[in-house]
Structure formats: C-alpha cells, structure tokens
Amino acid sequence: MIAGMQPLPKAQSIVPQLGQSAWRALVTEDGGDWLLGELARWQASDANNASVGAAGIAQALADLDDEAKSRFAKRAEDAGIWRLALDVRAFEDNLADFVSTLDRLPATVLPKKDDRAQFIRNALHAADLRPSFDISKQPAEVQAIDRKNDLGAVLRKVGRLVAYAPQTAMLLQVINYSGDLRVGTMVAEGLNARIAAKQLDPINNPDAVTAAMLDGLDYILGRKDRENILAGFGISDVQGEMAESFVERALAVYFGALHARR
C-alpha cells in the first residue's frame, strides 16, 4: 500500500498521510525500519515538517511501555532523527532518558541555551497529565523546572481525575480560558477525593461526576462565567457539540434519574 502512495502536492513525504494507526503498526508490527528511513530522508529535505511528523509518531507510540519506547528512541537517535528520539522519550514515565538525550544533542538541534529548558517544560506538560507520572522520581533538573511553574501540580490533579472520568478533560480548557488554577487545586482534587472515598462512581454513574464538577466550577467561577466558558469550546470526542450542551444533557440524565428514584 505504501509503495503505491504518492505524496500530496508540495509535500515531501507520505508520512503525514498515513496517520497514527499506520505509524504505530509500522513500528510495532513491521519493526520501524521503513519509517525511520523515510523520516531520515524527509528530515534532510524538509526538517520543519519532519519534526511535526515526529511529534505525531511519538504520540501514536505513547501507550507502549517505557522499555519499548526507549528501544525505538535509541534506534531513532542512531539514525540521526533526534527530534523523534526526544519526543518518544518525553512519553516515558521516567524522564532520565529524556534528559540524557538532551545532553547528547548536537548543537544544530539545540542552538540556544534556553531551548533545553523549553524542551523539558514541553515534556513535563505531557507527562503531568499521566497518572503514572511521579514528579518526585524525576531528575533534579526536571524537578527544579517543575517548581518554577505552579501549573504542573494542577495538571497532575486533573490528569488523575481524567483517568477516572474522561469527560472531565474539559477542565483543561476551563483552566486555559479562565486562568484560574483553583479548577485543579479545588475542583479536580475535590472530585479525586470523593471518587477515592467511593462517594462518586465514575464508571456506573458518570453523570453524577459531571454534576459534581459543575457544582465545583460554579463555586469558584460563578455560574454565569462557567456557562460562558463552556459555551466557548467543543468536546473533542463528540464532533460538533459544545461543552455547554454536553454538560446540560448529563445534568438532565442525572436529575431525571434522581427524580425517578423518589
């Protein structure tokens, strides 16, 4: 199939046309040789877009175990595809390999001193949303950068909640729109505590979690601001639906069930 494909007009490679499922299959089922060879060729002719492609490939491999990610990252590094090696290692729960890769980067890949810290901040932003990520076990350099940004601790609370209740991922957009970190420190952390105490059941009664989330948002933002924010962005898993209509439907189901039990 790949042999018969032609790049889109003005494109230098067919890699973007393949998509995440094909990237993953090329690595996990076909060894990744063709993909690494094509990325090396693409990098030589169109480095910027090749870097964008590398980020997508790393995302497609994010759920592999750390050992598998490390092995593939080593192959990418040996092939001179440094951005792919970095991006894959950024998804490891222990960022020690990521930091050691930064130590080995050629000057052409890391031309400015400040770029190193930015690479680490980018890795942290993704890592903070993984419940398996433990900041206390990270290299000292990573922990030092994390301490300079209050957002990291907030994202870790939201990430843990999203693992329980995927619909609460909208809290990330609420933080982005409002700038209010209490969305994580109060709302997400409060819901985590109630789920841990078995007061909320995200599997059998997800609408109750959504209702409790809205109560928390109304408490810190006010209902009017909360409604305005939710009306401003869509739900990625439900094409064309805004967050506001999604939560209203969840509330209708939740309160309808409560009424039916009375």
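The exercises below, each with a worked solution, concern a predicted model of one protein chain.

**Exercise 1. The overall make-up**

Describe the chain by its elements, its extent and its share of buried residues.

Solution. Start with the elements: the chain has 14 helices and zero strands. Read from the N terminus, the order is therefore α-α-α-α-α-α-α-α-α-α-α-α-α-α. Next take the extent: the C-alpha trace spans about 65 × 45 × 30 Å along its principal axes. Last, the chain has 262 residues, and 41% of them count as buried.

**Exercise 2. Confidence**

Which elements of the chain have the lowest and the highest mean pLDDT?

Solution. Begin with the chain as a whole: its average pLDDT is 90, and 96% of the residues score at least 70. Then turn to the elements. The lowest mean pLDDT, 81, belongs to α14. The highest, 96, belongs to helix α11, residues 182–196. As a guide to reading such values, predicted coordinates should not be read in detail where pLDDT is low.

**Exercise 3. The span of helix α9**

Compare the reach of helix α9 with the span expected at 1.5 Å a residue, and list its buried residues.

Solution. Helix α9 covers residues 151–164, which is 14 residues. The distance from its first C-alpha to its last is 20 Å, close to the expected 20 Å. The buried residues in α9 are G152, V154, L155, R156, V158, G159 and L161. To read such a list, recall that an α-helix has 3.6 residues a turn, so residues three or four places apart point the same way.

**Exercise 4. An aromatic pair**

How many aromatic pairs are there, and which parts of the chain are tied together?

Solution. The count is one aromatic pair. Y177 and F233 form this pair, with 5.6 Å centre to centre and 40° between the planes. The pair is classed as tilted because its angle falls neither under 30 degrees (stacked) nor over 60 (edge-to-face). Now place the partners: Y177 lies in helix α10, while F233 is in the loop between α13 (223–230) and α14 (243–261), so the pair ties together parts 56 residues apart in sequence. Finally, check the accessibility of each partner. Y177 is partly exposed, at a relative accessible area of 43%, whereas F233 is buried, at 4%.

**Exercise 5. The cavity**

Which residues line the largest cavity, and which helix gives the most to the lining?

Solution. The structure holds one cavity of 30 Å³ or more. The largest cavity contains about 40 Å³ of space. Its lining is made of L39, Q43, A47, A50, S51, A54, I81 and R83. Two helices, α2 (33–45) and α3 (47–60), each supply at least two of the lining residues. Of these, α3 gives the most, with four residues. Sorted by class, the lining has five nonpolar, two polar and one charged residues.

**Exercise 6. Buried or exposed?**

Place N176, N122, Q138 and L8 in the chain, state how accessible each one is, and give a C-alpha distance to a partner.

Solution.

- N176 is in helix α10, residues 170–178. Its relative accessibility is 59%, over the 50% cut-off, so N176 counts as exposed. The C-alpha atoms of N176 and I229 are 9.8 Å apart, with their positions 53 residues apart in sequence.
- N122 belongs to helix α7, residues 113–127. At 46% relative accessibility N122 is partly exposed. N122 and A90 are 32 residues apart along the chain, and their C-alpha atoms are separated by 8.3 Å.
- Q138 sits in the loop between α7 and α8 (140–147). Its relative accessible area is 5%, under the 20% cut-off, so Q138 is buried. From Q138 to A96, 42 residues apart along the chain, the C-alpha separation is 6.8 Å.
- L8 is in the segment before α1 (15–28). With a relative accessible area of 51%, L8 is exposed. L8 and W82 are 74 residues apart along the chain, and 25 Å separates their C-alpha atoms.

**Exercise 7. A backbone angle**

What is the phi of K198, and where is K198 found?

Solution. As background, most residues other than glycine have a negative phi. The phi of K198 is near 65°, a positive value in a residue other than glycine. K198 is located in the loop between α11 and α12 (206–221). K198 is exposed, with a relative accessible area of 75%.

Terms used
Residues are numbered from 1 along each chain as its sequence is written. This is a predicted model: local features need pLDDT of at least 70, side-chain atom pairs count only at pLDDT 80 or more; totals for chains, interfaces and linings use all residues. Side-chain values use heavy atoms; hydrogens and water are left out. Buried means under 20% relative accessible area, exposed over 50%, partly exposed in between (1.4 Å probe, protein chains only). Rings of Phe, Tyr and Trp (its six-membered ring) pair if their centres lie within 6.5 Å; planes under 30 degrees apart count as stacked, over 60 as edge-to-face and the rest as tilted. On a 1 Å grid over the protein atoms alone, a cavity is a set of points where a 1.4 Å probe fits but cannot get out, and a pocket is an open set with protein on both sides within 12 Å along at least five of seven lines; lining residues have an atom within 4 Å of a point. Grid points are joined across faces, edges and corners, and a volume is the space filled by probe spheres set on the points. Ala, Val, Leu, Ile, Met, Phe, Trp, Tyr, Cys and Pro count as nonpolar, Asp, Glu, Lys and Arg as charged, and the others, Gly among them, as polar. The expected span of a helix is 1.5 Å times one less than its number of residues. pLDDT is the predictor's confidence in each residue, from 0 to 100.
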